[in-house]
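User: Could you walk me through this model and explain the reasoning behind the labels you use?

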Amino acid sequence: MNKKGFIFDLDGVIVDTAKYHFLAWQKLAKSIDVDFTEAENEQLKGVSRVKSLEKILEWGNKSISEDEFMKLMALKNNDYLSYINEMDENEILPDVSRVLNFLIDANQGISLGSASKNARTILKKVNLYNSFEAIVDGNDVIKGKPNPEVFLKAAKALNISPDDCIVFEDSVAGIQAANAANMISIGVGEKDVLNQANYVFKDFTELENSFLNKLIKNK
Ligand code: B16
Ligand code: MG
């Protein structure tokens, strides 16, 4: 039997939570008199919460105490969670459910591989929690993407060798992490941005079942 491990990033692949991260970071940046643009938000994709705040402070030329840093992180997350709280199945990106169901029916290993510490909450909100055999998220790793730790842990949780795993990712750091893990990397987004990926699709509507079958059968 051909059993591969399919590892999905969360934000930008399964749901578009980047818009909520943006609203919450923007509000926070404003409260400390820092300008925060949508282009800067792009650079925070796949980046951990701690690293994101460090970058925002760096861009704004601000230095703050460790206490203040922790306080701002908590404020941002509370604000972000108020958006997450309103989420439901309608926020699952197009054709994601079709792809997940196809892989479930084909008895493939399916794991989440996300930098977010809120991943489990989000999956429950959009009713996809039970579609995943394994979930590896920001609570389980020490090193963030582009370090391959998150994907290697997902492969281990699925009990599938890394070179039999396929990663769906929307961030450059995530594609680099998948490549470093020796996995097949599939970029979801723009070809010129995700040019280090083995394959790139604009979104899941472009990803046909015949292509998934090929990934399952290929050695
Ligand atoms: P949290 P992913 C990432 O999710 C987001 O892309 C990134 O913008 C965010 O800072 C990070 O999760 C941490 O999220 O604050 O919820 O722990 O793309 O790896 O699924
Ligand atoms: Mg992402």
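Analyst: Happy to; here is how the terms apply, beginning with the ground rules. This is a predicted model, in which local features need pLDDT of at least 70, side-chain atom pairs count only at pLDDT 80 or more, and totals for chains, interfaces and linings use all residues. Residues are numbered from 1 along each chain as its sequence is written, chains are lettered from A and ligands numbered from 1 in the order in which they are written, and side-chain values use heavy atoms, with hydrogens and water left out.

User: What makes the contact between E91 and K19 a salt bridge?

Analyst: The term asks for a side-chain nitrogen of Lys or Arg within 4 Å of a carboxyl oxygen of Asp or Glu. The N to O distance for E91 and K19 is 3.9 Å, so the pair qualifies. Across the interface of domain 1 and domain 2, the rule finds 1 salt bridge.

User: Which residues make up those two domains?

Analyst: Domain 1 covers 5-15 + 90-217 and domain 2 covers 18-84; such bounds come from an automatic or database domain assignment. Their C-alpha centres lie 25 Å apart.

User: How much area do domain 1 and domain 2 bury between them?

Analyst: About 930 Å², 49% of it on carbon and sulfur atoms. Buried area here is the accessible area (1.4 Å probe) that two parts lose on being put together, summed over both. D11, E91 and N118 supply 43% of the area that domain 1 buries against domain 2, more than any other three residues.

User: Why are D9, D11 and D170 called donors of the magnesium ion (ligand 2)?

Analyst: Donors are N, O and S atoms within 2.8 Å of the metal (3.2 Å for Na, K and Ca). D9 (OD), D11 (O) and D170 (OD) coordinate the ion at 2.0 to 2.1 Å, so they meet the cut-off. Water is not among the atoms, so sites may look incomplete. Along the chain the donors follow the spacing D-x1-D-x158-D. D9, in the loop between strand 1 (5-8) and helix 1 (18-31), and D170, in the loop between strand 4 (165-169) and helix 8 (172-180), are 161 residues apart. Those helices (H or I, at least four residues) and strands (E, at least two) are DSSP runs, numbered from the N terminus.

User: What makes the backbone at P146 and N107 worth a look?

Analyst: Most residues other than glycine have a negative phi, and most peptide bonds are trans. A cis peptide bond joins K145 and P146, with omega about 15°. N107 is not a glycine, yet has a positive phi of about 55°.
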